[in-house]
Amino acid sequence: MESLGDKSLCLACGTPSHLPLCKKCREKLLAIDFSEARCCKCGRKLLSEIKICRECRENTEETYIDSCFPLFLYANWKKNLLSKWKIQGDLILTSLFADCIAKVIQAKGWENIPIVPVPPRPFKFYTVGYDQIDSLANALHFTYRFKICKVLKRISQTEQKTLSLKERIENTQKGYVLKKRLNSNSAILIDDIITTGATTRACAKLLKDSGVKTVYCISLFSAS
């Protein structure tokens, strides 16, 4: 949140606000449009395509994700919103993002499907003191009573953002393990941002290899 003297400014419109977003912009963020045509695989908004976007048609690699729903495009002021939450640890944004994800789950009728959070790097709690996805999962459980199943574990300590596309894929293929089997035919993966899709692909594969038949994914942001 930007500041001017003693006044804090809304990240979106710049009006004075004691929160990262003013009331009007918060309501606008929560007004998720479910009528928009989206790719049935990656969740990108469709332009002239039908059901599947051009990128997914050209990509023959198995994603293991049956349906993906990214809420926002990682651009403009929303990039700052994610940075304040993920990097600066602005915990007040956790409830806002939890409300956004809950709206998707309720609209899709997925309330009874267990949520599997993408796990953090090993020792992140000790070095950073905060994991945004864990806080988001906890908010979804305590506020909405959704079932959270932390069955995945990340064993790689390398940050994805420091790697090339090829390195990201190689890193994620061996970077996660299943701690215990999920006793459910369906699961919802949640993550903060999808860039290449390598992380969600690796996590979804582990779930499907263990017997989960359908894997949905909800991410707050998409890089494209």
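Which residues does Ser67 touch, not counting residues up to four places away in sequence? Select Ser67 and its surroundings, and Cys40, Lys41, Trp110, Val215, Tyr216 and Cys217 come up as its contacts, a contact being heavy atoms within 4.5 Å. Ser67 sits in strand E3 (residues 67-73), where strands (E, at least two residues) and helices (H or I, at least four) are DSSP runs numbered from the N terminus. With a relative accessibility of 18%, Ser67 counts as buried; buried means under 20% relative accessible area, exposed over 50%, and partly exposed in between, with a 1.4 Å probe and protein chains only.

Before moving on, note that this is a predicted model, in which local features need pLDDT of at least 70 and side-chain atom pairs count only at pLDDT 80 or more, while totals for chains, interfaces and linings use all residues. Residues are numbered from 1 along each chain as its sequence is written, and side-chain values use heavy atoms, with hydrogens and water left out.

Now show the whole chain. The protein chain has eight helices and eight strands, and 46% of its 224 residues count as buried. Among contacts in the protein chain with a separation of 6 or more, 71% are between residues 24 or more positions apart. The accessible surface comes to about 12,200 Å², of which carbon and sulfur atoms hold 50%; accessible areas come from the Shrake-Rupley method with a 1.4 Å probe, and for residues only the protein chains shown count as cover.

Next, turn to the salt bridges, each defined as a side-chain nitrogen of Lys or Arg within 4 Å of a carboxyl oxygen of Asp or Glu; the count comes to nine. Select Asp99 and Arg26, whose side chains meet in a salt bridge at 3.2 Å, N to O. Asp99 belongs to helix H4 (residues 92-108) and Arg26 to helix H1 (residues 23-30), so this pair ties together parts that are 73 residues apart in sequence. Asp99 is buried at 18% relative accessibility, whereas Arg26 is partly exposed at 28%.

Then select Lys86 and Asp192, which form a salt bridge at 3.0 Å, N to O. Because Lys86 lies in helix H3 (residues 77-86) and Asp192 in strand E7 (residues 186-194), the pair ties together parts that are 106 residues apart in sequence. Lys86 is partly exposed, at 27% relative accessible area, while Asp192 is buried at 3%.

For a bridge inside one helix, select Asp209 and Lys205, where the closest N and O atoms are 2.7 Å apart. These two are four residues apart in helix H8 (residues 198-209), and about one helical turn therefore separates them. Asp209 is exposed at 54% relative accessibility, and Lys205 is partly exposed at 34%. Selecting Arg54, Glu55 and Glu58 together shows a network of salt bridges that links them.

Continue to Ser156, in the loop between E5 and helix H7 (165-173), which is buried at 11% relative accessibility. Add Arg121 to the selection: the C-alpha atoms of Ser156 and Arg121 are 6.5 Å apart, although 35 residues separate the two along the chain.

Finish at Lys153, a residue of strand E5 (residues 152-154) that is partly exposed, with a relative accessible area of 45%. Add Lys147, Lys179 and Lys180, and the four lysines appear as a patch of positive charge on the surface.

Technical notes. Patch = residues over 30% accessible without salt bridge, like charges linked within 9 Å, V, L, I, M, F, W, Y side chains within 5 Å. Lys, Arg positive; Asp, Glu negative; His and termini not counted. Charge placed at Lys NZ, Arg CZ, Asp CG, Glu CD.
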